[in-house]
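The following exercises are to be worked through with the sequence and the coordinates at hand. Each task is followed by a solution in steps.

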Amino acid sequence: MNRGDLADLNAFVAVAEQRSFRAAASRLAVTPSALSHSMRQLEERLGVRLLHRTTRSVSVTDAGLRLLERLRPAIDQIGGALEDLNQERQRPSGRLRIYAVHIAGAAVIAPIWGRFLSKYPEVHLELATGEATIDIVKMGFDAGIGPRDRAPADMIAVRVTGSMKVVVVGAPAYFARRPPPRTPDDLAQHSCIQYRMAGDGALLTWLFERNRKSRRISVDGRVIVNDTYLAVRAAADGLGIAYTIESLAEPFLRSGQLIRILEDWSPQFEGLILYYPGRRQVPAALRALIDMIRTARDSASSRRSLQNPFTKD
C-alpha cells in the first residue's frame, strides 16, 4: 500500500459517510471532479464497485459497506494518533531525556525539577549525568547541558546560567581545629577535598583570582571525589576544605553547615549552555524546560568570567 492508496481510502470514507461528492470534497478541501476521479481509480485498482452514483445521488454498494466497516476504525485510529501528536506539540508531555555534566545536573536541573514536574504532570524527566562528551542524538537524548565547547556547531545553543561563582568552604567543626586560611598559599597547611577530572583523571588545581590576576594552586588531602556535590558533602561532614560552585554550597552556607573562606580570591567562570538538534519542531516539554530554566537563572554578573576550572583545558 502506498500513500496514494491511503489518500483514496480516506476519500472513499468521506464520500460514503456524506453520501455526496460535493459535501465530501468540501470536507477534504478538494474539487468534486478530483474526488470523483480518485474514486474511479480506486475502484479500478480494486476491481470492485464501491459506490452507486448518478447526477442526483450517491449510495454505497454492499462491497463498499463491508470495506467501510473495516476502514472506519482504522481511519479513526489514524486521526486519533495525529490529534495526539498535535496535543503533544501544544502541551508538554511524554519522556524528556537530558544529558548533563555533573555541575549542570546539580546546579541547573535539580533546583527546578520539582516545580517543573508539578507544573507539567504528563512529562517524565530522565536526567543522566557524566563528564564524557557524547553524541546526544545517537544516544537518544533530547538535549545536553554543559560548557559551551560541548555543543556541536550544528546544534542550537541556549545559555541557561549566568556566570558561576566559585566558593571555598569548610565546616565550623573543621575550623575549630585550625584557623581558616587567609590566602591561597595557606591551603598547604590544610586538608582539602580533591577533585578527580574526567578524561585523563588528573587532579584539579584550584584557580584563584584577585585584582584581575589569576593563579592555580595544587592542594593535598585525604579525600578525592569526582563529583562536585560529593565534595560539598565531604566538607559539610568536616573532612576538609572544598572548592566548588556557589549554587551547590548555598544551602549548606545558609544552614550554617559550611563557612565561606577566601571570598576575595574566588573567581567566576562562564556559565553553562543547553544544546539540542534543530530549531524546528522542538518538543513542547523541552521548550517548557528551557523557559523555566531561563526564568530561574541568575544572570547578574559584573566580574569578568574565566574558563571553567572544572573542565579540562
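**Exercise 1. Determine what share of the contacts between residues at least 6 apart in sequence join residues at least 24 apart, and assess the confidence of the model.**

Step 1. Among contacts between residues at least 6 apart in sequence, 75% join residues at least 24 apart.

Step 2. The chain has 313 residues, of which 43% count as buried. Its secondary structure comprises 10 helices and 15 strands.

Step 3. The model is predicted, with an average pLDDT of 84 over the chain and 88% of the residues scoring at least 70. Over residues 298-305, however, the pLDDT is below 50, and this stretch has 17 contacts in the model beyond near neighbours in sequence. Where pLDDT is low, the predicted coordinates should not be read in detail.

**Exercise 2. Establish the strand order of the open sheet formed by 5 strands, and locate the helix that packs on this sheet.**

Step 1. The order is 4-3-5-15-6, with mixed pairing. Strand 4 (123-129) and strand 6 (155-159) are the edge strands, each pairing on one side only. From one strand to the next, the twist averages 25 degrees.

Step 2. Strand 3 (residues 94-100) and strand 4 run parallel and are joined by 7 bridges. Ala 100 has Thr 129 of strand 4 as its bridge partner.

Step 3. Helix 5 packs on the sheet and touches strand 3, strand 4 and strand 5 (143-146). The direction of helix 5 makes about 145 degrees with that of strand 4.

**Exercise 3. Identify which residues touch the most other members of the largest nonpolar core.**

Step 1. This core contains 65 residues, and the two in question are Ile 145 and Trp 206. Helix 10 (residues 284-296) supplies the largest share of the core, 7 residues.

Step 2. Leaving aside neighbours within four places in sequence, the contacts of Ile 145 include Ile 98, Val 101, Val 108, Val 160 and Leu 272.

Step 3. Another core lies apart from the largest one; it has 19 residues, among them Leu 9, Ala 24, Met 39 and Leu 42.

**Exercise 4. Decide whether Glu 43 is buried or exposed, and find the polar partner of its side chain.**

Step 1. Glu 43 lies in helix 3 (residues 32-46). Its relative accessible area is 12%; the cut-off for a buried residue is under 20%, and therefore Glu 43 is buried.

Step 2. The side chain of Glu 43 makes a polar contact of 3.1 Å with the side chain of Arg 53. Not counting residues up to four places away in sequence, Glu 43 also touches Val 48, Arg 49, Leu 50 and Leu 51.

**Exercise 5. Describe the surroundings of helix 8 and the arrangement of strand 12.**

Step 1. Helix 8 spans residues 228-236, and its buried residues are Thr 228, Ala 231, Val 232, Ala 234, Ala 235 and Ala 236. Among the elements they pack against are helix 5 (102-109), strand 7 (164-170), strand 12 (242-245) and helix 9 (246-255).

Step 2. At the start of helix 8, a side-chain oxygen of Asp 227 comes within 2.8 Å of the backbone nitrogen of Tyr 229. Just after the helix, Gly 238 has a positive phi of about 80 degrees.

Step 3. Strand 12 pairs with strand 7 in the antiparallel sense over 4 bridges, and Thr 244 of strand 12 stands opposite Val 167. Ala 242 and Thr 244 point one way from strand 12, while Tyr 243 and Ile 245 point the other way; all are buried.

Notes. Residues are numbered from 1 along each chain as its sequence is written. Side-chain values use heavy atoms; hydrogens and water are left out. Buried means under 20% relative accessible area, exposed over 50%, partly exposed in between (1.4 Å probe, protein chains only). Helices (H or I, at least four residues) and strands (E, at least two) are DSSP runs, numbered from the N terminus. Contact means heavy atoms within 4.5 Å. A polar contact is a pair of N or O atoms within 3.5 Å; within protein, one must be able to donate a hydrogen and the other to accept it, and residues adjacent in sequence count only if both atoms are side-chain atoms. Two strands pair if DSSP finds at least two bridges between them. Axes are lines fitted to C-alpha atoms, for helices over the stretch in contact, and angles run from 0 to 180 degrees between N-to-C directions. A nonpolar core is a set of buried Ala, Val, Leu, Ile, Met, Phe, Trp, Tyr and Cys residues joined through side-chain atoms within 4.5 Å. pLDDT is the predictor's confidence in each residue, from 0 to 100.
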